[in-house]
Amino acid sequence: MLPALDPELRRALAARIRYYNEMGIYDFYRRPVSVGESVAPAAAPVAEIQPESRDEMSPRKAAAVAEPVIVEENIFEVLTAKPEQGAGNPVKALKIIREDLGDCTRCPLHKQGRKQIVFGVGNPEAELMFVGEGPGADEDEQGEPFVGRAGQLLNNMIKAMGLARKQVYIANIVKCRPPGNRTPEREECETCSPFLMRQIAVIKPKVIVALGATAAKTLLAMNSSMAQLRGRFYDFKPTGVRSDDPDWQGCKLAVTYHPAFLLRDPRQKGEAWKDLQMVMKELGLKAPSSR
Ligand code: SF4
């Protein structure tokens with residue numbers, strides 16, 4: 001078994017792995033360790049953990065001489081094949097992810113008053129996906145994202161795009177309600193979002209709409225303001241997951257205001273509508289004529 005790693009080192013290493021994933025490198029190999037040889041120092045500097053060379057990252061070449069790295073921390077799940085891959089259909093695949101999540105206690109939100117885990121809802125083959133921040137009181141009660149007042153507004157936004165709620169997929173960055181509806185902590189987002197990334201890789205949407213700054217910043221790994229994030233598309237690829245579909249290697253991502261923010265400041269609804277129109281254009285949607 002590998003020695004436990006320092007949390008900071010683990011975070012740095014995970015970031016490095018994501019970086020390689022973004023470059024299209026997914027398979028990591030370690031040379032076999034002879035008996036008596038130490039595996040790796042528990043607190044080795046990050047620089048020493050870089051893959052040695054691009055050549056050695058070639059799966060075909062390396063597989064003949066090396067064994068896959070076995071990892072013990074879920075932050076390194078990026079290295080392993082996901083159990084839902086090969087499930088055959090998205091309904092089954094999402095079920096496998098839900099089962100994998102289990103009665104999750106991976107982050108502090110599990111002991112801060114949640115009633116249930118709010119996994120996500122909607123069409124498992126949706127072309128359009130909405131991602132919010134986290135469940136509120138109504139969502140925690142009903143086990144479904146966006147069912148309160150903000151959910152009503154989201155439903156109206158979806159309808160205005162010429163779609164029905166059941167045609168899209170809706171999820172959040174964190175799946176448990178933060179107490180007092182506080183913003184989820186970075187650590188909570190980082191711990192929970194790999195499950196969302198796996199959901200995205202299964203659903204394979206054409207467009208994701210990030211609702212609010214927390215969703216946008218987590219998905220894009222950017223720390224910009226809403227004003228800077230809105231008004232354009234980003235090329236998005238779920239981190240840590242390799243799509244098993246050669247026809248889907250990512251999608252477009254747009255950022256708009258969270259419906260809860262729009263309830264507090266309805267003057268911004270026009271701006272949100274501009275964002276949604278951009279998405280409609282991308283998806284070839286037309287607003288219903290009654291609008
Ligand atoms: S928020 Fe996510 S990671 Fe945290 S306990 Fe809930 S399901 Fe687990």
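This short presentation covers the ligand site, the sheet and one charge–ring contact of the structure. The model is predicted, so to speak of local features requires pLDDT of at least 70, side-chain atom pairs count only at pLDDT 80 or more, and totals for chains, interfaces and linings use all residues. Residues are numbered from 1 along each chain as its sequence is written, and side-chain values use heavy atoms, without hydrogens or water.

I begin with the ligand. Around the ligand (a heavy atom within 4 Å) are Leu101, Cys104, Arg106, Cys107, Leu109, His110, Arg114, Lys175, Cys176 and Cys192. This shell comprises six nonpolar residues, one polar and three charged, where Cys and Leu count as nonpolar, Lys and Arg as charged, and residues outside the nonpolar and charged lists as polar.

I turn to the sheet. Six strands (DSSP E runs of at least two residues, numbered from the N terminus) form an open, mixed sheet in the order 3-5-4-6-8-7; pairing requires at least two DSSP bridges. Its edges are strand 3 (121-122) and strand 7 (234-236), each pairing on one side only. Strand 7 runs antiparallel to strand 8 (residues 251-256), with three bridges between them. Aspartate 235 has lysine 252 of strand 8 as its bridge partner.

Finally, the charged end of arginine 232 sits over the ring of tyrosine 234, 4.0 Å from its centre; the criterion is CZ of Arg, or NZ of Lys, within 6 Å of the ring centre and within 35 degrees of the ring normal.

How values were computed
Helices (H or I, at least four residues) and strands (E, at least two) are DSSP runs, numbered from the N terminus.
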